[in-house]
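Please open the model in your viewer, colour it by secondary structure, and keep the sequence panel within reach. The stops below follow one another as a series of selections.

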Amino acid sequence: MRVVLVVNSGSSSFKYQLIDVESSTTLASGLVERIGSGDAAARHSNSSGDGDGRWDSDVSAPDHFAAFDVMVAAFAEHGPSLAEFAPAAVGHRVVQGGARFFEPTIVTPLVKINIDELSALAPLHNPANLAGIEAAQRAFPDVPHVAVFDTAFHQTMPPAAYTYAIDKKLAAKHRIRRYGFHGTSHRFVSHATAEFLGKPLEDLRLIILHLGNGASACAVSGGRSVDTSMGLTPLEGLVMGTRSGDLDPAVLVYLQRRAGLSVDAVDAFLNSQSGVLGLSGHADMRDVEQASAAGDPDATLALEVYAHRLRGYIGAYAAQLGRVDAIVFTAGVGENSSLVREWALAGLERFGVELDPSLNAVRASVARRVSSDASKVEVLVVPTNEELEIARETAAAVGG
Ligand SMILES: Nc1ncnc2c1ncn2[C@@H]1O[C@H](COP(=O)(O)OP(=O)(O)O)[C@@H](O)[C@H]1O
Ligand SMILES: CC(=O)OP(=O)(O)O
Ligand SMILES: [Mg+2]
């Protein structure tokens, strides 16, 4: 099997890629955003070498079904032709698979019921993922659909890493434990790092820092996730674009009792109005860096808090792993921000971690080393490609 359509469906947008798995190439990619707002927009890019490149437009997309029609129309008008490059399967990013799903899974009515049921553990993500599955099944009824779970890679965490220190009966009843997310990215980057270093993944101990809008750290030993910074939901851990990451759980209670916020308001506050946005007024790291460079002290503090948290996780995971072969930066911020890399690793020289400032300043979209020759720990930038990983796992799941 060759061509897979990959769908990453969020609450108000969905992103897609048409991928030739055999050659690992993207034939087309795009997104429909602001679904349901009356102000939706679409972007489509034909990279198959056949057709007219990029296209963007305002569109009507009152729901995910309409958004899928927009995508199908974009393929029809701007190529590549879905008749010529017919997807043999559709792969879906599903964020929360709980303890139930640890492998790519062909979507059946029962699997959809399970994904829906797991929405309680990922209210921001799973309902949107399911809406994407429903819409894609309607648009592509004749091919298998496969769910690839963000949580799957972290199913290898030992109980000591995934257990919260709370009443065990209550935790079991409500399935409260750490699940971890971005697993598809951590898995892809683990393999890409081993390939870059020319060493077997089984022999490597890695700290992977996936820094996008959402951000998580992962300790990988011999290719297995042994600890990760996100927990029951994608809110725990690192400072993110709009999410707080770790904080004293008493803050939630305090906000409700003292600031009079409702449960929903606290949830929205921590997920959507916190992180670097809450500290600086900017969710996009490029804007935070620009504001800091222009002398805005709030933006500088936001960067310092972001880097301080990262450094703490690097130290913690070095201790959990016992030895670190490489610290790997990935995703939008990790791949592009030399400043974040520099600030996160500041002061770690005495632990054998030393950046090479000129290598760190290089802008490139390939895997590369940014540590100095003297550094005992390799520091790498390795681009992630969650869509390619989903396409490969989808193809494997349907036997292609
Ligand atoms: N040159 C850059 N410098 C700093 N941050 C960047 C740069 N390019 C992209 N980013 C940041 O990457 C983040 C988005 O990362 P990405 O992995 O695309 O996120 P997601 O997939 O979670 O939407 C944004 O905060 C953006 O500011
Ligand atoms: C799980 C998660 O946080 O995903 P994203 O980074 O896409 O928001
Ligand atoms: Mg991402």
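**First stop: a residue at the surface**

Select Ala76, which counts as exposed because 11 other C-beta atoms lie within 10 Å of its own; by the rule used here a residue is exposed with 12 or fewer other C-beta atoms within 10 Å, buried with 20 or more, and partly exposed in between, the C-beta atoms being placed from the backbone. Ala76 is found in helix α1, residues 64-78, where helices are DSSP runs of H or I with at least four residues and strands are runs of E with at least two, both numbered from the N terminus. Now add Arg350 to the selection and draw a line between the two C-alpha atoms: Ala76 and Arg350 are 58 Å apart in space and 274 residues apart in sequence.

Before moving on, note that this is a predicted model, in which local features need pLDDT of at least 70 and side-chain atom pairs count only at pLDDT 80 or more, while totals for chains, interfaces and linings use all residues. Residues are numbered from 1 along each chain as its sequence is written, and chains are lettered from A and ligands numbered from 1 in the order in which they are written.

**The whole protein**

Zoom out until the full trace is visible: the protein has 15 helices and 14 strands, and its C-alpha trace spans about 60 × 55 × 45 Å along the principal axes. The radius of gyration is 21 Å, which agrees with the value near 21 Å for a compact globule of 400 residues; this radius is taken over C-alpha atoms, and the globule rule is 2.2 Å times the number of residues to the power 0.38. Buried residues make up 45% of the 400 residues. Of the contacts with a separation of 6 or more, 62% are between residues 24 or more positions apart, two residues being in contact if their C-beta atoms, placed from the backbone, lie within 7 Å.

**Two domains**

Colour residues 3-149 as domain 1 and residues 200-386 as domain 2, bearing in mind that these bounds come from an automatic or database domain assignment. The domain centres, taken over C-alpha atoms, are separated by 28 Å, and five residues of domain 1 are in contact with five residues of domain 2. On the domain 1 side of this meeting, the residues divide into four nonpolar, no polar and one charged; here Ala, Val, Leu, Ile, Met, Phe, Trp, Tyr, Cys and Pro count as nonpolar, Asp, Glu, Lys and Arg as charged, and the others, Gly among them, as polar.

**Asp150 and ligand 2**

Which residue does the UniProt annotation "active site" cover? In the unreviewed entry, that annotation covers Asp150, although such annotations may be inferred rather than shown by experiment; the positions are given in the numbering used here and feature names are shortened. Select Asp150 in the loop between β8 (145-149) and α4 (159-162), where it counts as buried because it has 27 C-beta neighbours inside 10 Å. Leaving aside neighbours within four places in sequence, Asp150 is in contact with Arg93, Val95, Phe181, His182, Gly183 and Thr184.

Next, show ligand 2, around which you will find Val95, Asp150, Phe181, His182, Gly212, Asn213, Gly214 and Pro234; a residue is near a molecule if its C-beta atom, placed from the backbone, lies within 6 Å of it. By class, this shell has three nonpolar, four polar and one charged residues.

**Ligand 1**

Move to ligand 1, which is surrounded by 13 residues, the closest being Gly212, Asn213, Met285, Gly332 and Asn336. Helices α10 (285-293) and α12 (331-336) each supply at least two residues of the shell, and α12 gives the most, with four. The shell around ligand 1 divides into three nonpolar, seven polar and three charged residues.

**Backbone details and a last strand**

Return to the end of α1 and select the cis peptide bond that joins Gly79 and Pro80, with omega about -5°; Pro80 lies in the loop between α1 and β6 (89-94). Then select Arg34, in the loop between β3 (25-33) and β4 (41-46), whose phi is near 55°, a positive value in a residue other than glycine.

Finish at His145 in strand β8, which counts as buried with 25 C-beta neighbours inside 10 Å. Not counting residues up to four places away in sequence, His145 touches Val90, His92, Val107, Ile133, Ala136 and Gln137.
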